[in-house]
Amino acid sequence: MKNICCLSVCWLTLFSVSGYTQQARIVIDASAIINKIPGSLYGSCIEDVNHEVYGGLYDQRLYGESFEEPAPPAGFDGWAMLKGEWRIGGGGVPSSAGPGYKLIRNTPMVVDGFFEADVIFTDRGRNAGLLFRVANERSGRDGLDGYAVNVSRRDKRVVLGKYLHNWQRLAEGEMGSDPGDSLHFSIRMQGPHIMVYINGATTPVIDHTDAHDPLLKGKVGLRTENAAVVFKNITIGMGNTVTRNVFTTIPVIQVSACWDAVQVNAEGSYTIDTSHAYTGRQSQTVEFRKGSGSVGIVNSGLNHWGIGVQNGWRYEGYVYLQGRQLKGPVTVALESADGSRTYATARVTNVAASWRKHVFSMTSNATDAHARFALYIRGGKLWVDQASLMSSGPDQFKGLPFRRDIGTMMQTEGLTFLRYGGTMVNAREYRWKNMTGAPDKRPPYRGHWYPYTSNGFGIIEFVKFCEAAGFEPVFAINVEETPEDVGDMVEYFTGDTSTVWGRRRAAEGHPHPYKLHHIEIGNEEVIWGDHAADYDHYVERFNTLYNAIHEKDTGMRVVCAAWWRPNSPNMERVFRGINGRAAYWDLHTDADEAAAGTTVDRNLQKMQDLFYQWDPNTTLRCAIFEENGGLHNLQRALGHATTLNAVRRHGDFVMTSCPANALQPYGQNDNDWDQGQIFFTSSQVWGMPPYYAQQMAAANHQPLRVADHTEGALDVTATRSADGKVLVIHVVNTTSEVVSTRITVENFPGKKPDVVVYTLAGALGDENTPADPAGTATRKTQERWTGDDLIRSFTAHSYTIVRFER
């Protein structure tokens with residue numbers, strides 16, 4: 001390495017004379033092995049935080065299958081309510097706090113003019129504001145095209161942003177001192193020119209012209225982001241016409257919120273029955289009143305975005321029904337979104353006066369990305385609970401109840417490790433035994449991310465998926481599980497058929513034990529505060545469940561989920577309580593910044609130093625089970641690439657690094673974690689830039705890190721195959737300038753002249769869309785190595801892999 005450093009200094013002195021403003025020098029010694037790099041490095045994290053599972057990977061096409069959601073609150077005449085609890089009160093319309101709740105006025109379509117309202121905060125929530133020039137609105141945080149003016153109580157800032165089913169910040173302004181609980185907004189629009197005034201000021205707090213594809217007309221609306229607010233004195237002006245809004249309520253049909261009532265040449269009535277449910281707390285009733293047609297209910301999938309169906313494909317399902325005085329069979333159907341076209345039907349007969357499961361199958365005669373599932377009666381009264389609709393054959397992943405396109409995309413990403421865990425496991429009712437048995441008999445529960453969570457997809461389904469996909473699985477469990485139940489769980493997955501739970505697994509179609517090697521106890525435990533008593537409680541629970549696990553499987557590696565605070569004395573307290581038992585400590589990192597790896601590198605070194613300080617002989621290592629943030633663009637891809645470089649430098653200490661979230665439904669971000677690697681709709685799947693960064697790294701994995709010396713503004717690691725025939729250099733340029741670089745490779749004789757180069761580059765904010773799903777993707781090229789060194793330029797904001805072979 002001494003010679004390498006000397007070479008670098010001499011070359012940089014010469015190179016700078018040539019006039020380049022950005023240059024770098026990379027020297028690799030292919031014979032100097034530094035550490036090993038685990039093949040499990042390329043992980044991902046999945047939980048049902050943002051409909052990754054229900055509405056996504058899980059092939060259940062119906063959302064709200066158990067009818068646990070209450071009916072929507074009363075609506076307002078002339079307004080469309082898109083999630084949330086809105087009502088008339090306090091002299092205006094109050095809204096509960098929630099993620100991206102919206103209320104959109106149907107008319108007028110505002111072109112130029114003004115929009116005013118009072119926004120009164122009734123809690124210390126996040127932010128709220130006004131929407132204008134809105135179109136294509138739907139449920140979900142980013143579910144609209146239009147502009148938003150939001151005020152953040154905490155930051156004392158007003159923000160103007162633009163939605164095109166994603167969020168772009170355009171401008172912001174300071175409010176100065178705390179404006180108090182009540183604010184008066186006035187938004188003035190003239191073409192692309194937007195001005196925002198607060199509390200009667202004559203100077204706008206924001207004065208902005210949208211010069212890039214401005215939105216020039218649309219509806220107005222109200223929005224809250226995890227803040228309880230009251231909106232009052234809503235006024236809209238265009239030309240000489242000024243409209244002062246008056247809210248009037250309209251009755252709401254009592255249908256569970258994920259379903260809709262449908263009436264065809266007939267009238268019906270609907271109730272939510274809390275005394276006659278098959279599972280859970282309630283069921284849905286449909287009663288025929290009069291007419292010559294039919295009445296029923298329809299389901300359009302996740303947040304009503306439509307169910308994707310394919311021509312010629314068979315769809316199978318079941319529904320639990322009980323009826324009274326029914327006339328004829330119950331009809332189930334696949335239809336167009338407006339019901340004008342029918343793609344498939346099936347008849348359900350012999351509906352009894354008590355709950356009975358009815359299975360059906362039907363084949364679609366058309367392709368439609370926005371179809372709906374319908375259920376009709378022509379007389380009598382029907383109770384409905386636990387409905388399911390799944391695809392079959394080529395649309396399922398290896399014959400399992402998972403979407404083939406999503407499962408295949410995850411494989412194509414190159415994942416080797418998958419975690420099923422996150423804050424969902426911290427919910428009080430999250431228990432593994434509630435996820436066993438037939439999905440239709442599993443009880444729904446109040447989840448952390450969604451209060452009406454179903455258990456159709458659980459830990460068993462996750463492990464089955466990983467087995468089929470070829471991923472190493474790890475899942476987290478609730479820390480308050482009983483040791484008896486945890487022992488049964490381990491026996492189910494790894495016990496032989498001489499055990500009670502091993503026999504049950506075999507009876508359910510899996511005679512051989514699963515290849516399960518890791519279990520995590522809890523998730524982000526004690527994240528709420530640095531409290532010794534809470535950390536002590538976690539250690540006690542960890543050891544209790546560890547003992548239960550190892551009574552059944554002594555080889556199981558157990559992961560500690562205590563929240564890591566490197567400067568807290570409680571860390572040593574936890575370490576000494578789990579040392580010799582825990583195999584890994586779960587560290588969660590931030591990855592939004594392009595140079596995130598710099599911080600990750602420092603944090604890993606700190607953790608490793610402390611472990612060896614507390615016990616020089618410890619075997620405890622680290623696993624990064626969540627790389628977190630709020631982005632899914634190229635900047636986040638670079639953050640993942642630099643994180644991977646950091647982890648390679650600590651390859652003997654770190655098992656894996658799992659970006660969250662693995663999946664995200666397009667335009668349906670309900671829970672703020674806007675960081676999916678793979679995006680999907682009801683009929684389409686594509687990768688975001690972080691997906692391609694992971695794919696590049698996984699496809700070029702080598703098990704050995706070798707010595708590199710880098711001078712200049714590049715983040716570099718070098719890896720090599722065990723037989724010494726392949727050398728890979730990972731180069732991340734996080735700067736906004738091209739970096740001209742000379743690469744010297746030592747002790748790699750017989751190298752081929754052709755070098756393969758993989759590049760992911762663009763603007764930091766670049767994202768992929770359904771219309772351009774691979775707009776920012778990996779580009780593969782070949783370059784000729786003609787001299788002793790390779791001289792090339794690394795594009796601004798880029799992740800590049802240079803692959804040498806001999």
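# Exercises on a predicted model

Asn 661 is found in the loop that runs between β36 (654-659) and β37 (663-665), and the peptide bond leading to Asn 661 from Ala 660 is cis, with omega near 0°. The structure is a predicted model, and the exercises below work through its confidence, its backbone, one helix, two residues and its cavities.

## Exercise 1: Confidence

Find what the mean pLDDT of the protein chain is, and where pLDDT stays under 50.

Solution. Begin with the chain as a whole: its mean pLDDT is 93, and 96% of its residues reach 70 or more. Then turn to residues 1-20, over which pLDDT stays under 50, and for which the model has 27 contacts beyond four places in sequence. Where pLDDT is low, the predicted coordinates should not be read in detail.

## Exercise 2: Backbone geometry in loops

Besides the bond before Asn 661, locate the cis peptide bond that involves Pro 108, and then place two residues, Lys 83 and Asn 747, that have a positive phi although they are not glycines.

Solution. The cis bond joins Thr 107 and Pro 108, with omega at about -5°, and Pro 108 belongs to the loop between β6 (101-105) and β7 (113-121).

For the positive phi values, take Lys 83, whose phi is about 75°; this residue sits in the loop between β4 (79-82) and β5 (93-95). Asn 747 has a phi of about 60° and lies in the loop between β43 (739-746) and β44 (754-761).

The last step is accessibility, for which partly exposed means a relative accessible area between the 20% and 50% limits. Lys 83 counts as partly exposed because its relative accessibility is 32%, and Asn 747 counts as partly exposed because its relative accessibility is 46%.

## Exercise 3: The buried side of helix α8

Work out which residues of helix α8 are buried, why they can be placed on the same side of the helix, and which elements they pack against.

Solution. Helix α8 spans residues 570-578, and its buried residues are Asn 570, Met 571, Val 574, Phe 575 and Ile 578. These residues cover an arc of only 140° around the axis, and therefore they lie on the same side of α8. The elements against which the buried residues pack are α7 (532-552), β33 (557-562), β34 (584-590) and α9. Following the chain just past α8, one comes to Gly 580, which takes a positive phi of about 90°.

## Exercise 4: Two asparagines

Decide for Asn 617 and for Asn 543 whether the residue is buried or exposed, and describe where each one is placed.

Solution. Asn 617 lies in the loop between α9 (596-614) and β35 (621-628). Its relative accessible area is 66%, so Asn 617 is exposed, given that the cut-off for exposed is over 50%. From Asn 617 to Thr 769 the separation is 152 residues in sequence and 50 Å in space, C-alpha to C-alpha.

Asn 543 is part of helix α7. Its relative accessible area is 16%, so Asn 543 is buried, as the cut-off for buried is under 20%. Leaving aside residues up to four places away in sequence, Asn 543 touches Gly 577 and Arg 581. Asn 543 and Asp 338 are 205 residues apart in sequence, and their C-alpha atoms are 56 Å apart in space.

## Exercise 5: Cavities

State how many cavities of 30 Å³ or more a search of the whole structure finds, and describe the lining of the largest and of the second largest.

Solution. The search finds five cavities of 30 Å³ or more, and the largest cavity holds about 300 Å³ of space. Its lining is made by 27 residues, of which Asp 48, Tyr 54, Tyr 450, Thr 453 and Ser 454 are the closest to its centre. Sorted by kind, the lining of the largest cavity has 14 nonpolar, 10 polar and three charged residues.

The second largest cavity has a volume of about 140 Å³. It is lined by 17 residues, and those nearest its centre are Gly 55, Gln 60, Arg 61, Trp 305 and Arg 403. To this lining α2 (53-57) and β21 (307-309) each supply at least two residues, and α2 gives the most, with three residues. The lining of the second largest cavity divides into seven nonpolar, seven polar and three charged residues.

Definitions and conventions:
Residues numbered from 1 in each chain as written. Predicted model: local features only at pLDDT ≥ 70, side-chain atom pairs only at ≥ 80, totals over all residues. Heavy atoms only, no water. Helix = DSSP H or I, 4+ residues; strand = E, 2+ residues; numbered from the N terminus. Buried < 20%, exposed > 50% of the residue type's maximum accessible area, 1.4 Å probe, protein only. Arc of directions from axis to C-beta. Contact = heavy atoms within 4.5 Å. 1 Å grid on protein atoms, 1.4 Å probe; cavity = no way out; pocket = protein on both sides within 12 Å on 5 of 7 lines; lining within 4 Å. Points joined across faces, edges and corners; volume = space filled by probe spheres on them. Nonpolar A, V, L, I, M, F, W, Y, C, P; charged D, E, K, R; others polar. pLDDT = per-residue confidence, 0-100.
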